[in-house]
Amino acid sequence: MGGLVSLSPREVFLRLVHGVADGNFDELPDLYGEVTDVRHPMATPESEPLTSRRALREHFTVPPDARESLPKRRVVDVVVHETADPEVIVAEFAYEFRLPDESKTKVPCVFVMRIRDGRIIESRDYIDPIRTYTARGDRDALIASLRKDVS
């Protein structure tokens, strides 16, 4: 992924979300700086901040045999807001999942990102956890997670 320096924050964001949707997980850590502050404030269960490219590489690691079983998704409804700070964008979008019965469901997301020299150095990724677990066909994992948080 050389040549990221010339990419705008919007272009980096689009590479990230389309890379996730397309399952190009091995390429995604290269979109981030060596030192990062990536948080998922709505994650269920709660998750620790991802503070390095190495941590993001681990975060994006999906075993090859598991990749085939991931639900198909695409990026839709993209709106990118530029801010007074040229490094910061606010991106609204949804992942649209195709379910096993061929129906579709959307998972709304908002990312607030700081991108410097073509690399993500800070991000707050707000992703609807209930719709995410539902789209993955894994509501039982969500319920177990919620029960664990209560006890």
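Let's start with an oddity: arginine 73 is buried (under 20% relative accessible area, 1.4 Å probe, protein chains only), yet it has no salt bridge (a side-chain nitrogen of Lys or Arg within 4 Å of a carboxyl oxygen of Asp or Glu). Its nearest side chain of opposite charge, aspartate 22, is 8.5 Å away; here Lys and Arg count as positive and Asp and Glu as negative, with His and the chain ends not counted. This is a predicted model, where local features need pLDDT of at least 70 and side-chain atom pairs pLDDT 80 or more, while totals for chains, interfaces and linings use all residues. Numbering runs from 1 along each chain as its sequence is written, and side-chain values use heavy atoms, without hydrogens or water.

Arginine 73 sits in strand 3 (strands are DSSP runs of E, at least two residues; helices are H or I, at least four; both numbered from the N terminus). Leaving aside residues up to four places away in sequence, arginine 73 touches (heavy atoms within 4.5 Å) Val20, Ala21, Phe25, Tyr95, Glu96 and Phe97.

Now for the largest nonpolar core, a set of buried Ala, Val, Leu, Ile, Met, Phe, Trp, Tyr and Cys residues joined through side-chain atoms within 4.5 Å. Of its 30 residues, Phe13, Leu16 and Tyr95 touch the most other members. Helix 1 (9–22) gives the most, with six residues.

On to the strands, which pair if DSSP finds at least two bridges between them. Strand 5 (104–116) runs antiparallel to strand 6, joined by eight bridges, and cysteine 109 partners isoleucine 127. Strand 1 (32–39) runs parallel to strand 6 (119–127) through four bridges.

Terms used: Buried means under 20% relative accessible area, exposed over 50%, partly exposed in between (1.4 Å probe, protein chains only).
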